Amino acid sequence: SSSSWGGQCQNSGQSPINLAQSVSKPCDLLCELVFDDAYISQANVIVSDEGLILHSDSGLGSCKFNGEGYTCKDVLVTHPSNHTVENIQADAEVIAIFTNPTGQYLCVSSLVRVNPNQTDASHFFNAFVPYANPEAGATSISLGEQWGLFMMVPPAGSYFVYDGTQTVPPCVTTKWVVFKSMINIDPNDFALLVKHVHAGSRPTQPVGDREILFNDTENLHGGHIPKDVK
């Protein structure tokens with residue numbers, strides 16, 4: 001509950017928000033996002049007050065946004081979703097938290113729905129969600145030979161971009177990329193997520209005078225991206 005945050009996160013420009021295409025502006029090259037195709041084999045699973053965290057000091061992958069490189073060390077899964085799209089709240093939300101060499105943050109988010117149809121995203125969650133253990137500080141796990149951040153990208157790659165904050169104290173400033181389409185999580189994995197991780201999402205915040213951008217690309221696929229990024 002934000003009532004226990006000691007007055008933090010009260011300035012304007014907070015996250016999450018509701019994202020709607022009707023109030024967004026088109027943005028192409030200046031909002032270009034490219035995920036790398038790296039496979040990651042090891043990480044740590046942590047259950048915290050913030051949600052389920054997948055962490056690796058050596059990195060979980062990287063991306064380029066607007067031509068600048070970012071590295072991810074943490075993935076956060078919460079239920080239900082923090083953001084809403086067209087006023088629809090999803091069953092869960094997965095956020096890859098990136099930073100660049102200057103310390104700027106980029107949060108890339110996919111809203112998640114419970115669906116038994118197996119997809120790359122189903123495999124993405126199945127590699128670590130079942131190992132969540134509230135009794136352990138951090139559980140070291142093997143993600144297998146074919147796990148990568150690009151698997152959290154929906155097949156329809158269009159996304160919103162806006163300036164906001166992280167959704168938990170100290171609510172540091174970050175650029176947000178939120179995919180318009182949802183990705184799947186298997187019902188069994190979602191049941192384990194609900195069992196081991198407390199439910200919690202911050203209510204949507206006023207947009208104010210912020211600009212919401214929309215990249216209607218179909219080129220950012222939820223599968224293996226070649227190293228030449230074509």
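**Core contacts and backbone geometry in the predicted model**

In this predicted model, Leu149 is in contact with Phe35, Leu60, Gly61, Cys72, Val75, Ala96, Phe98 and Phe124, when residues up to four places away in sequence are left aside. Leu149 belongs to the largest nonpolar core, which comprises 49 residues, and within that core Leu149 and Phe128 are the residues with the most contacts. Apart from this group there is a second, separate core, made up of 16 residues, with Val85, Ala90, Val178 and Ile212 among them. Such groupings can be read against a general tendency, namely that in soluble globular proteins nonpolar side chains tend to be buried together.

A buried position was also found at Ser158, which is located in the loop between strand E12 (139-142) and strand E13. Its relative accessibility is 5%, and because buried means under 20%, Ser158 is counted as buried. The contacts of Ser158, again without residues up to four places away in sequence, are Phe179, Lys180, Phe214, Asn215, Asp216 and Thr217.

The backbone was then examined for departures from the usual geometry, given that most residues other than glycine have a negative phi and most peptide bonds are trans. A cis peptide bond links Ser15 to Pro16, with omega at about 5°, and Pro16 is placed in the segment that precedes strand E1 (18-19). Another cis peptide bond is present between Pro169 and Pro170, where omega is about 5°; Pro170 is situated in the loop that runs between strand E13 (159-165) and strand E14 (173-179).

The loop between E13 and E14 also contains Cys171, a residue that has a positive phi of about 55° although it is not a glycine. With a relative accessible area of 7%, Cys171 is classed as buried, because the limit for that class is under 20%.

A positive phi also occurs at Asn87, likewise a residue other than glycine, for which the angle is near 65°. Asn87 is part of the loop between strand E8 (84-85) and strand E9 (88-89). Its relative accessible area is 65%, and since exposed means over 50%, Asn87 is assigned to the exposed class. The two positive-phi positions described here therefore fall into opposite classes of accessibility, Cys171 being buried and Asn87 being exposed.

Methods
Residues are numbered from 1 along each chain as its sequence is written. This is a predicted model: local features need pLDDT of at least 70, side-chain atom pairs count only at pLDDT 80 or more; totals for chains, interfaces and linings use all residues. Side-chain values use heavy atoms; hydrogens and water are left out. Helices (H or I, at least four residues) and strands (E, at least two) are DSSP runs, numbered from the N terminus. Buried means under 20% relative accessible area, exposed over 50%, partly exposed in between (1.4 Å probe, protein chains only). A nonpolar core is a set of buried Ala, Val, Leu, Ile, Met, Phe, Trp, Tyr and Cys residues joined through side-chain atoms within 4.5 Å. Contact means heavy atoms within 4.5 Å.
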